[in-house]
Amino acid sequence: MKADMIIINASNIVSCSDVQGSGIINDGYIAVKDGIILDVSSGNAPKELKGENTTIIDAHGKTVTPGLIDAHTHLVHGGSREKELPLKLKGVPYLEILKMGGGILSTVRNTRSASKEELKSKAVQSLNQMLLHGTTTVEAKSGYGLDFDTEIKCLEAAKELNTTHPVDIISTYMGAHAIPEEYKGNTQGYISFMVDKVMPYVADKGLAEFLDVFCEEGVFSPEESRYIMKEAQKLGFKLKIHADEIIPLNGAELAVEMKAASADHLLAASDEGIAAMAKAGVTAVTLPGTSFYLMLGKYAQARKMLDCGVRVAIATDYNPGTCPTENLQSIMTFACFGMKMTPEEIIKAMTLNAAYAIDRNTEIGSIEKGKKADLVIFNAPNIDYVVYHFGINHVEKVIKNGNIVVEEGKIII
Ligand code: NIG
Ligand code: FE
């Protein structure tokens, strides 16, 4: 069989195949046919794979990884929050800003007043940045609308962008992100509204595959979170939890109890919760950019998690308040210095382990025969170099479904 594309002479292929370690192949090739990986191995590509129309890419001196997967973002929202910087610098805590009607609630106001087209064109800018920096699949949460019309507007925006933009978007309904001002002091009323009105509609229209809850002091308690998630399960949603981000509430244990696909943040996760996640195979999505940006002086205990056998993923948490960046390469450096993860662990956490967090591990996340040909060629001799030389974009090419979509710093579709 002739390949459509062969990447030859790749100095380093970080395959991230489902084995211990990251499966590095030195001086190898990757053959692609019909958007799928046909073959990957060390050495020269067999002659019979090369046809007249085969595109040959020479990756001598370069590093090839699976397309990066950003398994936790708040992609669709209106406005920005740079005006909160002085408050942050004065040391006003994040949950305090939220209590004062700022934080998430200020973005809610901006999102409600934006049209779907405005939200889409802002999100396209973000998706472009993601793609340019190597991200080929992204999870996108709603949660800045909170009312029916705005939540649906945001989820529809994400669904429409999924069909028009090369980055694949996996949607999550996160009405349980904050208590909206119109329900202040009436959390129960807001929960009933979500459960009775919004969740059935979202499920019926196929607007989201996952449901996420911000289980946090002053937001949704573990009991409230459990109730929302149980109702979500009845409607067929898969689950995620913003767990143990700031105050320890045994969110990791709740994720295990609810058989969530992932528990995210986890800075304050208990040792018991970590051990339970390992046993149950719940993926830990760590967000070191958020730890940095909230100036918490504390990161998720990724080393302990890895030692316990937890599957650790890393994502941006891209959002306007606690991590305004689309760039997973910057997050690699925070993961290395903040959580003491090695570059090989980091790349696996942003590919195969991230694929587990969004239930796509059989399709994407590693360079293996039969998986989608979503690939990044980094202009770097090894993956350590990308983590080490921080703050710039090392992407040389991005390949999505077997097609080159980024080349020489530009999107070319
Ligand atoms: O994941 N923790 C809750 N939600 C977001 C922040 C949202 C915001 O501040 O706008 C997070 O950090
Ligand atoms: Fe988040």
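## Exercises on a predicted model

Both His72 and His74 are buried. The structure is a predicted model, and the exercises below work through its metal site, ligand, domains, cores and selected helices.

**Exercise 1. Identify which protein atoms are donors of the iron ion (ligand 2), and describe how the donor residues are spaced in sequence.**

Step 1. Three histidines contribute through NE2: His72, His74 and His242. Asp317 contributes through OD.

Step 2. The distances from these donors to the iron ion run from 2.1 to 2.3 Å.

Step 3. Written as a sequence pattern, the donor residues follow H-x1-H-x167-H-x74-D.

**Exercise 2. Find which residues surround ligand 1, and list polar distances from its oxygen atoms to side chains.**

Step 1. Ligand 1 is surrounded by 15 residues. The closest are Tyr94, Tyr144, His177, Glu245 and Thr322.

Step 2. From the side chain of Tyr94, an N or O atom lies 2.6 Å from an oxygen atom of ligand 1.

Step 3. Repeat this for two donors of the iron ion, His74 and Asp317. For the side chain of Asp317 the distance to a ligand 1 oxygen is 2.9 Å; for that of His74 it is 3.3 Å.

**Exercise 3. State how the protein is divided into domains and what the contact between them takes from each.**

Step 1. The domain assignment gives domain 1 as 5-66 + 365-411 and domain 2 as 68-357.

Step 2. Taken over C-alpha atoms, the centres of domain 1 and domain 2 are 29 Å apart.

Step 3. Domain 1 puts 35 residues into the contact and domain 2 puts in 24 residues.

**Exercise 4. Describe the largest nonpolar core and say where its residues come from.**

Step 1. This core has 100 residues. Tyr173, Met194, Leu211 and Phe220 have the most contacts inside it.

Step 2. Helix 6 (residues 187-204) supplies the largest share of the core, 8 residues.

Step 3. Each of domain 1 and domain 2 gives at least three residues to this core.

Step 4. Another core, of 18 residues, lies apart from it; Ile57, Leu375, Ile377 and Ile399 are among its members.

**Exercise 5. Explain why Asn327 counts as buried, and trace its contacts at the start of helix 12.**

Step 1. Place the residue: Asn327 is in the loop that runs between strand 13 (312-314) and helix 12 (328-339).

Step 2. Asn327 counts as buried because its relative accessibility is 11%, and the cut-off for buried is under 20%.

Step 3. At the start of helix 12, a side-chain oxygen of Asn327 comes within 2.8 Å of the backbone nitrogen of Gln329. The side chains of Asn327 and Ser330 are also joined, by a polar contact of 3.1 Å.

Step 4. Leaving out residues up to four places away in sequence, Asn327 touches His133 and Thr316.

**Exercise 6. Determine whether helix 12 is mostly covered or mostly uncovered, and which of its residues are buried.**

Step 1. Of the 12 residues in helix 12, 9 are buried, making the helix mostly covered.

Step 2. The buried ones include Gln329 and Ser330, the two residues that the Asn327 side chain reaches. Leu328, Ile331 and Met332 are also among them.

Step 3. Just after helix 12, Lys340 has a positive phi of about 60°.

**Exercise 7. List the buried residues of helix 3 and name what covers them.**

Step 1. In helix 3 (residues 104-112), the buried residues are Ile104, Leu105, Ser106, Thr107, Val108 and Thr111.

Step 2. Their cover includes helix 2 (94-99), helix 4 (116-132), helix 5 (148-164) and strand 9 (210-214).

Key. Residues numbered from 1 in each chain as written. Chains lettered and ligands numbered in written order. Predicted model: local features only at pLDDT ≥ 70, side-chain atom pairs only at ≥ 80, totals over all residues. Heavy atoms only, no water. Helix = DSSP H or I, 4+ residues; strand = E, 2+ residues; numbered from the N terminus. Buried < 20%, exposed > 50% of the residue type's maximum accessible area, 1.4 Å probe, protein only. Polar contact = N/O pair within 3.5 Å; in protein donor to acceptor, adjacent residues only side chain to side chain. Contact = heavy atoms within 4.5 Å. Core = buried A, V, L, I, M, F, W, Y, C linked by side-chain atoms within 4.5 Å. Domains from an automatic or database assignment. Donors = N, O, S within 2.8 Å, 3.2 Å for Na, K, Ca; no water. Near = heavy atom within 4 Å.
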